[in-house]
Amino acid sequence: MIRWDLSPLPEVPRYGPLNYLLFFMRGSLMTLVIMGFLIPLLVLRVAEMPWGRNRISPYMTQIACRLCLRIVGITLHRKGSPMKEAGAIVSNHSSWLDIFVSNSLQNIVFVSKEEVADWIGVGFLAKATGVLFVKRERREALRQRDEFVRRLTRGDRLLFFPEGTSTDGLRVLSFKTTLFAALFAESLAGKVYVQPMTIRYRPAPGQHPAFYGFWGDMEFTASLFKVLATPRNGDVDLTFHDAVRISDFADRKELAHHCEMKVRAGLESRYTPAKS
């Protein structure tokens, strides 16, 4: 098995006039979609404030993300259904595209590393849709746990990536248990669930198996250009595994292991899901 820290990066493809034209057209259309939904989204967020949570505006995010995937030319497939209960969704993490894929079929609040806030375009979208940014610092752990509990108590569904980093999309790294700790707060006992979810990209014929992966020393702008400038993109399979009650697990390590095995099995499966 190839050591993860030694996985080679794909060669940078050669681009021609058609690629630059596609990048401009798709990038412009995605910008129009995002900006076109942004103002109504923010207005709805203000109107929803008396409710204490966002009930309608997340559906606008779903529509915008599905439109963006269509613009890019990535076909979305689904297996299973998003849970309706409050709690957390945990998934493998391969690409910045995960933001659009994960948001396209469910109402969620992303939990993301703070660096994403500075990514061109995606960072702006993340802030607008209410992403919960976290710092990987011990001194922030208690404050972030309290914020997790507050969000879960009010009924939000939080989505986080326990691998702690994005990958080439061909493997699942060991799940870190840190963010699972907040799910075992006494005030949440018996009230919240966790649903493992697998994102699997299938590049178009002739493309590198890790075409959509984002890892190592890759630059975000280069990855963005590659995806938007490619004439033919592939597919993405989104698998929702069965949700489980957190109180059925002894501790965060046992829960993290269960979720990791489910996500890993989803990446390795060979089902043919129905098109969404």
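These notes go through a predicted model of one protein chain, point by point.

1. Confidence. The model is predicted, and its chain has a mean pLDDT of 86. Of the residues, 89% reach 70 or more. The weak stretch to note is residues 271-276, where pLDDT stays under 50. For these residues the model still has 19 contacts beyond four places in sequence. Where pLDDT is low, the predicted coordinates should not be read in detail. Any reading of the contacts made by residues 271-276 should keep their pLDDT of under 50 in view.

2. Overall make-up. The protein chain has 276 residues, and 53% of them are buried. Seven helices and nine strands are assigned in the chain. Among contacts with a separation of 6 or more, 78% join residues 24 or more positions apart.

3. Strand 2. This strand covers residues 87-91, and five of its five residues are buried. Strand 2 pairs with strand 5 (residues 157-160) in the parallel sense, over four bridges. Its pairing with strand 6 (residues 193-202) is also parallel, and here there are five bridges. Val90 appears in both pairings: Phe160 stands opposite it in strand 5, and Pro196 is its bridge partner in strand 6. A further pair between strands 2 and 6 can be named, with Ala88 opposite Val194.

4. Strand 6. Of the 10 residues in strand 6, nine are buried, which leaves the strand mostly covered. Besides its parallel pairing with strand 2, strand 6 runs antiparallel to strand 7 (residues 235-240), and six bridges join these two. Thr198 has Thr239 as its bridge partner in strand 7. Strand 6 also pairs with strand 8 in the antiparallel sense, over two bridges. In that pairing, Tyr193 is matched with Arg245 of strand 8.

5. Ser94. Which residues does Ser94 touch, leaving aside those up to four places away in sequence? They are Ser166, Thr167, Gly169, Ile199, Tyr201, Tyr212, Gly213 and Phe214. Ser94 itself is found in the loop between strand 2 and helix 3 (98-103). With a relative accessible area of 2%, Ser94 is buried, because that value lies under the 20% cut-off.

6. The second largest cavity. The structure holds two cavities of 30 Å³ or more. The second largest of them has a volume of about 30 Å³. Its lining is made up of Asp168, Gly169, Tyr201, Pro209, Ala210, Tyr212 and Gly213. By class, these are four nonpolar, two polar and one charged residues. Gly169, Tyr201, Tyr212 and Gly213 in this lining are also among the residues touched by Ser94.

7. Helix 6. Is this helix, residues 220-229, enclosed or open? Eight of its 10 residues are buried, so helix 6 is largely enclosed by the rest of the structure. The buried residues are Phe220, Ser223, Leu224, Phe225, Lys226, Val227, Leu228 and Ala229. A reader scanning for charged side chains may note that Lys226 is on this list of buried residues.

8. Lys79. This residue is in strand 1 (residues 75-79). Lys79 counts as partly exposed because its relative accessibility is 41%, a value between the cut-offs of 20% and 50%. How far apart are Lys79 and Met197 in sequence and in space? They are separated by 118 residues in sequence and by 9.9 Å in space, C-alpha to C-alpha.

9. Asp248. The loop between strand 8 (244-245) and helix 7 (252-268) holds Asp248. Its relative accessibility is 57%, so Asp248 counts as exposed, the cut-off being over 50%. Asp248 and Gly190 are 58 residues apart in sequence, with 8.6 Å between their C-alpha atoms.

Conventions:
Residues numbered from 1 in each chain as written. Predicted model: local features only at pLDDT ≥ 70, side-chain atom pairs only at ≥ 80, totals over all residues. Heavy atoms only, no water. 1 Å grid on protein atoms, 1.4 Å probe; cavity = no way out; pocket = protein on both sides within 12 Å on 5 of 7 lines; lining within 4 Å. Points joined across faces, edges and corners; volume = space filled by probe spheres on them. Nonpolar A, V, L, I, M, F, W, Y, C, P; charged D, E, K, R; others polar. pLDDT = per-residue confidence, 0-100. Contact = heavy atoms within 4.5 Å. Buried < 20%, exposed > 50% of the residue type's maximum accessible area, 1.4 Å probe, protein only. Pairing = 2+ DSSP bridges.
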